[in-house]
Amino acid sequence: MTDATSSDSPTADGPDTGAGPQAPRGLSRRGLFGLAGVGVAGLGLGVAGDRAALAVAASSAQSNASTVYPFYQEHQAGIVTPAQDRLHFAAFDVADGTTRADLVELLQDWSVAAAAMTAGRDVGDYGSVSGPYDAPPEDTGEALGLPPAGLTITFGFGPTLFQTAAGVDRFGLAARRPAELVDVPHFPGDMLEETRSGGDLCIQACADDPQVAVHAIRNLSRIAFGRAAIRWSQLGFGRTSSTSTSQATPRNLFGFKDGTANIKAEEPAAVTEHLWVGASDGPAWLAGGSYLVARRIRMTIETWDRTSLREQETVIGRNKGEGAPLSGGTEFTEPDFELAGRADQPLIDTAAHVRLAHPSQNDGIRMLRRGYNFVDGNDDLGRLDAGLFFISFQRTPASFTAVQLNLARHDALNEYIRHVGSALFAVPPGAAKGSYVGAPLFA
Amino acid sequence: MRARLLPLVAASAVGLLALTGCVANATGSDSAQAALTVDSSADACTVSAAEAPSGNLSFTVTNSGDQVTEFYLLAEDGLRIVGEVENIGPGLSRDLVVQLMPGRYVTTCKPGMIGAGIDQKAFTVTDSGTDVTVDADLDARIEVANANYAAYVRDQVAQLLTGTQAFADAYLAGDDDTARALYAPTRAHWERVETVAESFGDLDPQLDLREADLEEGQDWTGWHAIEKDLWPADAEAGFAAYTPEQRQNLATLLVADTTTLNEKVQDLDFTLSQQTNGAIGLLDEVATGKVTGEEEFWSHTDLWDFQANIDGAKVLYAGVRDILLEEDADLAADLDSEFAELQELLDAQRVGEDFTLYTDLTPAEIKAFADQVNALGEPLNQLTATLVL
């Protein structure tokens, strides 16, 4: 379990590997073999029948629903894990009056609960329906009968956990704050809303079943009551990137494949170089961790839908049908930014998104993107409140800042998007069994 | 005349493959034959058939070579371009959708984009009985429409320059009341041709950047920087009025940049699809900036801009309306009525020569504007498809 690839593979024999003995909930042992990387991670339980990818996974239509990713491992799950279909993300603020000991206890409680839920078990000793009849159940119960659904729960620490904006060191952590853990700068065009930005703590819950992801956030926020409260949260209904070569690239709400050049779990060298904080990078407690950037990017899809296909493809730099770069080839062909067409103009426009986001235009910077489509009802003008909840993991926030600055300055896509939420979190390494996430920070 | 340049601005047809569904051959026959494929390899240009029935035809051109390629459908003389697709990268496909009358044509590909084209072959369009109406004067009329629009742009920018000078003079003289009164009416000239003005790289950010669009440390210049100084009521606590030196800098730059803009629009050309898409672009400016009150964040004069954007869209539409009447009278009627309804909403907010401030609009009034912009947007979307094909 030393490299990211192996440590994040689902267990082939169900929950026993990482989480100890238990009573599996709805976990069929049939068909559990070979779950990893057969291209089925994108199948929601209820809709499996009508997805084209089903053909690929003909051996077991149920397999992904039963996938279990162990909670206790070297790196937290939910990063190089093949991106699940659904997201529930929540940022928390620690409550006034919470002590350092309270905070540690919260992280311990969260870790235990997360280990149980990712293994497909209820929270607590008695779960949803086995407790005292005259007491409220420990687990909220809406996941009863549902499979583990590849649930991962990933925790992060925001800048304000270490020091508030007013400079208060609530938990004696200020000296242990990584120098890089400060809010990302204001980028051109940013229209950030306070109520969708920042946070002391975050939890990213991803699963192939939306109710399983929601169940996780719901129970973890319940556990936190009195110690931490949700500051903002976000549901994502469809993944927009692939983090494994076994996955097809999905489409964003512009109808395009984006993130084709993502870091993949199968690239151990890239994962080491671009993703995990190294032992000599900063505070020792963060070694083996990463930095998570979340951006709520609203898309003005009504306007986008009024643009010609020519404009759409020019803005993105890929064709819409296949996702191939406009310089030619297929989806996974490297873009050729030099190749010129008529009048010596490059086939991939100088302001095209794929050009400006590409590592070759950003000093080789790569990130692991793990974003989700969202549609949160509509705004006052009857426009869908839709967009991309961008999540990226990187070894240093400076990577994100450099690329985003390039995009914010030049990207033709800016006409159709606006960034309305932003947050940065340090994601500690995974916890050993018996310990809890973030333990080295408090050691 | 039979093989005249029908796809009008031929190059514009390239991006219209999405339209194939909307232009299905009315006779319904031979739809399979109406879709052809072209394989453009290093040394051949293979069309799936040498013959097709008249009406709407689509050519799906696949580049199987290793150079950027182009496909041309030429008139019988092998010279005049009837339709073309350009910039097809190796391995990619792109569609050409054209409406063809019976007659003889020539097909050819141009791998590497040089030379006269390889593998020239005769291509025959037989008479399907489909009525392909062609107005012999169409080219001329489109040219007139394009020239008229170019003249309109020049006129608006000239007025913008005159107005900007007067505005800058008042601002520099410390006559803030006059400057405030001139602000919105002068900017209207910019907003009327905004999609054109925006097309000049650095000029747009220098002249029209909003505060939220700045990056840290970037200098803020242009109309909105001055706007904040003239309407400081909504500014953040501690906002200090600009010094005379700052005013001098901003006003001088504003006039200088507008002068540059005026020079740049002197020899502009427009294609038909640039005109029709320009109308959509202006509408989108309304939808993203004005309906939301984000454009005039300090003066709240968004409705002036709104009206000016619509003015510009109307001019673009009026320029092609005669042609549209012949192609699709229903669509023209639809657009006429949606433009009129939007104008009614705007007129209801007129106060003398002015408009209601954005901040004084009710949520219901704002919603009505947004809905009507969308109502106009959908038929406008069809304009390009109808005219350019």
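How far apart do the end C-alpha atoms of residues 146-382 of chain B lie, and what share of the span is helix and what share strand? I started my notes there. The model I am reading is a predicted one.

**Entry 1: annotated domains**

I found the ends of residues 146-382 of chain B to be 19 Å apart, C-alpha to C-alpha. Helix takes up 70% of that span and strand 2%. I looked up the stretch in UniProt, where an unreviewed entry lists it as "domain: Imelysin-like".

For chain A, UniProt gives me two features, again from an unreviewed entry: "domain: Dyp-type peroxidase N-terminal" at residues 76-237 and "domain: Dyp-type peroxidase C-terminal" at residues 249-431. I checked residues 76-237 of chain A and noted 23% helix and 19% strand, with 22 Å between the end C-alpha atoms. Residues 249-431 of chain A came out at 21% helix and 22% strand, and their end C-alpha atoms are 31 Å apart.

**Entry 2: the contact between chain A and chain B**

I next took the contact between the two chains. Chain A puts 33 residues into the contact and chain B puts in 37. The buried area between chain A and chain B is about 2800 Å², and carbon and sulfur atoms account for 49% of it. I then asked which three residues give the most on the chain A side. They are Arg306(A), Arg342(A) and Leu381(A), which together supply 30% of the area that chain A buries against chain B.

**Entry 3: polar links across the interface**

I counted 15 residue pairs in polar contact between chain A and chain B, with both residues at pLDDT 80 or more. Which helix of chain A gives the most to the side that touches chain B? Helix 8 (309-316) and helix 10 (397-410) of chain A each bring at least two residues to that side. Helix 8 of chain A leads, with three residues. I sorted the side of chain A that touches chain B by class and got 13 nonpolar, ten polar and ten charged residues.

**Entry 4: salt bridges**

My search of the whole structure returned 46 salt bridges over all chains. One of the pairs I wrote down joins two chains, because Glu86(B) sits in strand 6 (residues 81-88) of chain B and Arg310(A) in helix 8 of chain A. The N to O distance in the salt bridge of Glu86(B) and Arg310(A) is 3.8 Å. Across the interface of chain A and chain B I have seven salt bridges.

**Entry 5: disulfide**

How many disulfides are there over all chains? I found one in the whole structure. Cys45(B) is joined to Cys109(B), S to S 2.0 Å. I noted the link of Cys45(B) and Cys109(B) as right-handed, with 60° about the S-S bond. The pair connects distant parts of the chain, 64 residues apart: Cys45(B) belongs to strand 2 (residues 45-47) of chain B and Cys109(B) to strand 8 (residues 103-109) of chain B.

How values were computed
Residues are numbered from 1 along each chain as its sequence is written. Chains are lettered from A and ligands numbered from 1 in the order in which they are written. This is a predicted model: local features need pLDDT of at least 70, side-chain atom pairs count only at pLDDT 80 or more; totals for chains, interfaces and linings use all residues. Side-chain values use heavy atoms; hydrogens and water are left out. UniProt positions are given in the numbering used here, feature names are shortened, and annotations may be inferred rather than shown by experiment. Helices (H or I, at least four residues) and strands (E, at least two) are DSSP runs, numbered from the N terminus. Contact means heavy atoms within 4.5 Å. Buried area is the accessible area (1.4 Å probe) that two parts lose on being put together, summed over both. A salt bridge is a side-chain nitrogen of Lys or Arg within 4 Å of a carboxyl oxygen of Asp or Glu. A polar contact is a pair of N or O atoms within 3.5 Å; within protein, one must be able to donate a hydrogen and the other to accept it, and residues adjacent in sequence count only if both atoms are side-chain atoms. Ala, Val, Leu, Ile, Met, Phe, Trp, Tyr, Cys and Pro count as nonpolar, Asp, Glu, Lys and Arg as charged, and the others, Gly among them, as polar. A disulfide is a pair of cysteine sulfur atoms within 2.5 Å.
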